[in-house]
Amino acid sequence: MSVLPLIAGDGLDAPLAWREGRPITRRQYLADVHALAARLPAAGPMLNVTADRYRFAVGLGAAMLRGQNNLMPPNHTPDTVARLRGLFPGTYGLTDAAESALALPMIRHDDQPTSAMTTDEVPQLPDAMLAAQVLTSGSTGAPVPHAKHWGQLTHGTRAGAHRLAHAMGRPSLAGVTLVATVPPQHMYGFESTVLVALLGGAAFDAERPFYPADIARALARAPRPCMLVTTPFHLKMLLDAGLPLPEIDLTLCATAPLSPQLAARAEALLGAPLMEIYGCTEAGQVASRRPTADIEWHTYDGLRLSGDGAETSVQGEHVPQAIPLADVIEVIDPTTFRLLGRSNDLINIAGKRSSLGHLNYHLNMIPGVQDGAFWLPPDDAGGGVVRLVAFVVAPELTPQALQQQVARALRERVDAAFLPRRVIPVASLPREAGTGKLPALSFAAWAERTLAAAKA
């Protein structure tokens, strides 16, 4: 049985995390992991809802020391938690909040400091150990678990860390500070902050700044070299705020397509290159690109593509079995591709095809538009031509000016069949706070309610 370390990189006296400008060493992390592990139930799995990124990482390590895995569902609503209890009857929760509304047996982090370990012994975990189960919503709404074993996570993290270090012109990520707007419970935040610190040598800021002023402050206090780990939604919000921003060393972005214009603004204002990550729940992170320099994606070392279009798979290294990708891919060669759109957001209107992602991209490039998304209503009547609706956040434009601005701009960029029938001004879109995503089912329900209210 082969084993892999819980923590790797620099020596144990190097930082794993920063909290309010103070370092937390890797040695301290191991002490906190052992202390929490002694307090955990004998069986799991664990639902780790800890908000503090460092304490989340402590929970991850403690659960694995007890032979338990971490559940990572898309949300923590009462319905999702009830479904988790049905799938995994031994589930308990871990929190750092004073109170919790989760209908689970709960463990709370101890506020008392733990004495740092004096030993240099690092726990070794079986590479076949089930470390996490990432759950996505199936067609019925029931969570579908995707198993993540420690060896798979370790090799994938090392490949990603190597790619990021290369982008920064460094031999490794040792000494790099990560400031992240994404939560550790999301696969992107999990891989690109928690695991990159544990296994790639970086150190993360324990907080998760959300508002632009908080992000700017976190970047200003972070030791250099510094990397911002964020999403297109959070990045656009930060850049549009007009705040003075410190120079950093790399911006990492994922979860939604990023326009080259937004990437160029970020590189100019933050004084650093911007890299995009491409991946999926089933395979994890598999490719990257710098959108200001290249429209094509390049797979991580050891990963290769097969097939083409909507029938593309990836395999190799940390993806031992071929995994179908849920996107329409143009395969240039086995390690290079172009991303054409999500296979589940392709639409057909009057015999013409496009993708909602492509349309949203152009909508959000219109001056005055802070955020926007297209929605295709269901064809309840049957047989008629359904027309798109655009929901747009543009507080500086009147409804009439917004309609004209959108129509004029989109006529130059998209086929007339995809011009929105109506442009609905809204105060905000129902994006997930952590990732900036618009989940299809909840967005559709919101769109129906909003459209009905606009017609009233």
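Is Leu346 buried, exposed or partly exposed? In this predicted model, Leu346 has a relative accessible area of 33% and is therefore partly exposed, a value that falls between the limits of under 20% for buried residues and over 50% for exposed ones. Leu346 belongs to strand β23, which covers residues 346-349. Once the neighbours within four places in sequence are set aside, the residues in contact with Leu346 are Val328, Arg353, Ser354 and Ser355. One of these, Val328, is 18 residues from Leu346 in sequence, and the two C-alpha atoms are 9.2 Å apart in space. Val328 can also be related to Glu311, from which it is separated by 17 residues in sequence and by 7.6 Å between C-alpha atoms. Glu311 is located in strand β19, and its relative accessibility of 65% means that Glu311 counts as exposed.

The chain as a whole provides the setting for these local features. It contains 11 helices and 27 strands. Its radius of gyration is 23 Å, close to the 23 Å that the globule rule gives for 456 residues, so the chain is as compact as a globular protein of that length. Measured out along the principal axes, the C-alpha trace spans about 70 × 50 × 45 Å. Buried residues make up 52% of the 456 residues, while the area exposed by the chain is about 19700 Å², of which carbon and sulfur atoms supply 53%. When contacts between residues at least 6 apart in sequence are considered, 61% of them join residues at least 24 apart. The chain carries 38 positive and 41 negative charges, and the mean positions of these two groups are 4 Å apart.

Two buried residues illustrate how parts of the chain that are separated in sequence come into contact. Ser192 is part of helix α5, which runs over residues 187-200, and it counts as buried because its relative accessibility is 2%, where the limit for a buried residue is under 20%. With the neighbours within four places in sequence left aside, Ser192 is in contact with Leu178, Val229, Leu252 and Gln285. The contact with Gln285 includes a polar one, in which the side chains of Ser192 and Gln285 approach to 2.7 Å. Leu258, by comparison, is placed in the loop between β14 (250-253) and α8 (260-270), and with a relative accessible area of 2% it is buried. Apart from residues up to four places away in sequence, Leu258 touches Pro232, Leu235, Cys253, Ala263, Leu274, Glu276, Arg289 and Pro291. Among these, Glu276 is 18 residues from Leu258 in sequence, and the distance between their C-alpha atoms is 7.9 Å.

A further polar contact between side chains is found in helix α10, which covers residues 399-411 and includes Gln405. The side chains of Gln405 and Arg408 are joined by a polar contact of 2.9 Å. If the neighbours within four places in sequence are left out, Gln405 is in contact with Ile366 and Pro367.

The backbone geometry of several loops also deserves description. A cis peptide bond, with omega at about 10°, joins Gly44 and Pro45, and Pro45 is found in the loop between α1 (26-37) and β4 (46-48). A cis peptide bond also joins Arg224 and Pro225, with omega at about -5°, and Pro225 lies in the loop between α6 (212-221) and β13 (226-230).

Positive phi values occur at two glutamate residues. For Glu20, which is not a glycine, phi is positive and near 55°, and this residue is found in the loop between β2 (15-19) and β3 (22-25). The relative accessibility of Glu20 is 62%, so it counts as exposed. For Glu317, likewise a residue other than glycine, phi is about 45°, and its position is in the loop between β19 (311-316) and β20 (319-324). Glu317 counts as exposed because its relative accessibility is 57%, the limit for an exposed residue being over 50%.

Methods: Residues are numbered from 1 along each chain as its sequence is written. This is a predicted model: local features need pLDDT of at least 70, side-chain atom pairs count only at pLDDT 80 or more; totals for chains, interfaces and linings use all residues. Side-chain values use heavy atoms; hydrogens and water are left out. Helices (H or I, at least four residues) and strands (E, at least two) are DSSP runs, numbered from the N terminus. The radius of gyration is taken over C-alpha atoms; the globule rule is 2.2 Å times the number of residues to the power 0.38. Buried means under 20% relative accessible area, exposed over 50%, partly exposed in between (1.4 Å probe, protein chains only). Contact means heavy atoms within 4.5 Å. Accessible areas come from the Shrake-Rupley method with a 1.4 Å probe; for residues, only the protein chains shown count as cover. Lys and Arg count as positive and Asp and Glu as negative; His and the chain ends are not counted. The place of a charge is taken as NZ of Lys, CZ of Arg, CG of Asp or CD of Glu. A polar contact is a pair of N or O atoms within 3.5 Å; within protein, one must be able to donate a hydrogen and the other to accept it, and residues adjacent in sequence count only if both atoms are side-chain atoms.
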